[in-house]
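Visitor: I would like a close look at one part of this model, taken slowly and with the residues named.

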Amino acid sequence: MRVDVVSIFPAMFDALTEWGITSRALKRGLWELHRWNPRDFARDAYRSIDDRPFGGGQGMVMLAEPLADTLAAIAAAGASPRAPVIHLSPRGRPLDQARVKALSELPALTLLASRYEAVDQRLLDRHVDEEISIGDFVVSGGELPAMMLIDSLVRLLPGALNDARSAVEESFSTGLLEGPHYTRPEVFEGVTAPEVLLSGHHARIAKWRHEQSLRVTAERRMDLIARARAEGRLTPADERWLASIPSVTEQPENS
Ligand SMILES: C[S@@+](CC[C@H](N)C(=O)[O-])C[C@H]1O[C@@H](n2cnc3c(N)ncnc32)[C@H](O)[C@@H]1O
C-alpha cells in the first residue's frame, strides 16, 4: 500500500517509520510512506501556507493553492492517480474498524493532515474525497490522527503482524470488545489467573474467552451488544450467558 501524507511537520511521521509494527511492515515492503510539505509549494517568498480568515475571527486558515499544488504533485508522482484524498478533521465521519478494514484494501491513499483553525473550504470541496475524525475531541493538528489511521491500516496488511490471528481476534474485528488476558506468574499479589486458561483445554478456553468478550462488551459498550443483537450475531447461548451476569443485568435501562 502506498500512503502519501501532506503535513507541515513531516518528521512527526518518524513515529511510524522508526518504531514497532509499522516500522517492521515498512521494512518488509508491505507499505510505503511519501511525505509532502505544502510549504514546498508556497507561492510567495515567505513560504506562506496560511492567512487570516475572510470575515474576521480567530485563528488562521490554510491556503487552498499550496495544498492544491501539493495534491497535484502527489497525483503526478503517485502510482495510483485515483487514490482517495482523506482529510483528517473533527468534522469528519468517526473512524471505526469497518472503515479501517475497507481502506486497508486500497492500493493507495493520500492523507491531508492540516493545522491551524481550518482549511479553505474550496480546497476541501474540490480536492478531498472524505473527511475522517478520530473522535469527538480536538487535537492540535492532523498528524496524530493520520498516524492513528495509518497504524490501524498497516496492522491489517497481510504479513504485518507475526500472527495474523491477532488482527482477527482483536477488539472490534468481531464487533465485540476483547476479554481479559493473563500471563506469568500464575499468582500475582494473591490473585490467581483463571484456572481455565491453565487447563490446556482448547474448547473450554475458547468458550471462556468468548463469554468474557461478551461480558466486557456488555459492561462497557451496550451499543455494540445492541448492534450485534440487531444483526443476528448473538446466539441463544450468548443471550443466556448475558442474562446470567449480574453486572450486566443490573445496569440501568439507558446506560
Ligand atoms: C485545532 S484543529 C482545528 C479544529 C477546527 N477548528 C474545528 O473546530 O473543527 C487542527 C487540525 O487538527 C486535526 N484534528 C483535530 N481534531 C481532530 C479529530 N478529532 N479527528 C481528526 N483530525 C483532527 C484536523 O486536521 C484539524 O484541521
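Which residues of the largest nonpolar core touch the most other members?

Guide: In this predicted model, the residues of the largest nonpolar core that touch the most other members are Val5, Leu111, Ala146 and Ile150, out of 36 residues that make up this core. Several elements feed into the core, with at least two residues each from the strands β1 (2-6), β5 and β6 (108-112) and from the helices α3 (64-77), α5 (121-127) and α6 (143-154); of these, α6 supplies the largest share, namely six residues. If we take Val5 and leave aside its neighbours within four places in sequence, we find Val5 in contact with Leu111 and Ala146, and also with Phe13, Leu33, Arg35, Trp36 and Ala113. Apart from this core lies another one, of five residues, which includes Leu177, Leu214, Ala218 and Ile225.

For the wider setting, the protein chain is divided into domain 1, covering 2-154, and domain 2, covering 187-249, and the C-alpha centres of these two domains lie 39 Å apart.

Strand β5, which was named above as a contributor to the core, spans residues 85-94 and also gives the most to the shell around the ligand, with four residues. That ligand is surrounded by 19 residues, the closest being Leu88, Pro90, Ser114, Gly142 and Pro145. By character, the shell divides into nine nonpolar, seven polar and three charged residues.

Notes. Residues are numbered from 1 along each chain as its sequence is written. This is a predicted model: local features need pLDDT of at least 70, side-chain atom pairs count only at pLDDT 80 or more; totals for chains, interfaces and linings use all residues. Domain bounds come from an automatic or database domain assignment. A residue is near a molecule or strand if its C-beta atom, placed from the backbone, lies within 6 Å of it. Ala, Val, Leu, Ile, Met, Phe, Trp, Tyr, Cys and Pro count as nonpolar, Asp, Glu, Lys and Arg as charged, and the others, Gly among them, as polar. A nonpolar core is a set of buried Ala, Val, Leu, Ile, Met, Phe, Trp, Tyr and Cys residues joined through C-beta atoms within 7 Å. A residue is buried if 20 or more other C-beta atoms lie within 10 Å of its own, exposed if 12 or fewer, and partly exposed in between; C-beta atoms are placed from the backbone. Two residues are in contact if their C-beta atoms, placed from the backbone, lie within 7 Å.
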